[in-house]
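Reader: I would like a close look at a single part of this model, taken slowly and with the terms explained as they come up. Could you walk me through the sheet and its surroundings?

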Number of protein chains: 2
Amino acid sequence: MNEYDKTINEIRTFNRFYTVNMGFLNSNYLDSKYSVLETRILFEIKLHKICIQSDIVKTLHIDKSYLSRIVQRFCAKGIVEKIKSDDDKRTTKITLTAIGNEETERLIQLTNQQIKAQIVELSLDECNKLCTALNTVISILGKEEN
Amino acid sequence: MNEYDKTINEIRTFNRFYTVNMGFLNSNYLDSKYSVLETRILFEIKLHKICIQSDIVKTLHIDKSYLSRIVQRFCAKGIVEKIKSDDDKRTTKITLTAIGNEETERLIQLTNQQIKAQIVELSLDECNKLCTALNTVISILGKEEN
DNA sequence: ACTATTTAGTGGATAATGTCAACCATTTTG
DNA sequence: CAAAATGGTTGACATTATCCACTAAATAGT
């Protein structure tokens, strides 16, 4: 077994651990009002402040028709707003409303609490080591991004 | 911001990165014949060699009726076999058939290839650092398991 | 021993999630 | 300018997941 196979195995093991540990496998979510993907989308819009749908389609690799409907739902709920853009008339800018911002903030707090429950018994030293390790993973795997 | 908040933020960042990077978000899968969960279940049965459904329900945190149906499908496909157990007559042992074993092996190879594509440009040193980092994460977060 | 509770698994009904292809309007490319 | 590409929407489905009720067997409580 070469070094690459060793790495592949390690990633497999990690994925198995992490998907279950973080509850990514079957995402019965903390807040039944929003699915994991919906939360992720809200968070993405919040990050960008304002963006177009295809930005999100690209970053999250989801179907555009699917996103279109989710955004429609968000608009109906009053948490997202569509704004006609003048530069490119095909696009519509989307952004969080004030309520949407609060709601997203609340969701972030909820996920934070969930994460907190996972790390609450760690020592400061372990926290630091964990941060370093996660950072290392991102910096190594993130290299290959286009 | 205290040390715990820093760690929570780091985990959030990591999750955002990793779910997209590994394609966990919307799991349009490599082999359309099996969903992510199905693959995970097959792999779990393979790990145990033989087990009962509720073992898998517990490890993967999924609905038992849902699993029941998936197992039924697997049986119909001939990749999983149910064996009456004599010790506890409520339970049925499940195990992979020969074909199921091959099939699962094939799926593992497929995911391996997918992972390989992600690390193919890494140096040996980076591979080692990655392994160490992933291991660290598991050992720290895995502590809190029951 | 015998009721009460728990555990394993199944099935019906239905909700939520996600996919595919067709389509219009615009913008970009050759 | 015609052809191809992009952004977004919609219809029609397929897949995936959840909830609840139920049977059968095992276990716990008294």
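Author: What follows describes the sheet of chain B and then the helix that lies across the strands.

The model is predicted, and for this reason local features need pLDDT of at least 70 and side-chain atom pairs count only at pLDDT 80 or more, while totals for chains, interfaces and linings use all residues. Residues are numbered from 1 along each chain as its sequence is written, and chains are lettered from A and ligands numbered from 1 in the order in which they are written.

In chain B, three strands form an open sheet in the order E1-E3-E2, with antiparallel pairing; strands (E, at least two residues) and helices (H or I, at least four) are DSSP runs numbered from the N terminus, and two strands pair if DSSP finds at least two bridges between them. At the edges are strand E1 (50-52) and strand E2 (80-84) of chain B, each of which pairs on one side only. From one strand to the next the twist averages 35°, where axes are lines fitted to C-alpha atoms, for helices over the stretch in contact, and angles run from 0 to 180 degrees between N-to-C directions.

E2(B) and strand E3 (residues 92-96) of chain B run antiparallel and are joined by five bridges, and Val80(B) stands opposite Leu96(B) in E3(B). Helix H2 (residues 36-48) of chain B lies across E1, E2 and E3 of chain B, running at about 100° to E3(B); contact here means that the C-beta atoms of two residues, placed from the backbone, lie within 7 Å. H2 is also among the elements that give two or more residues to the side of chain B that touches chain A.
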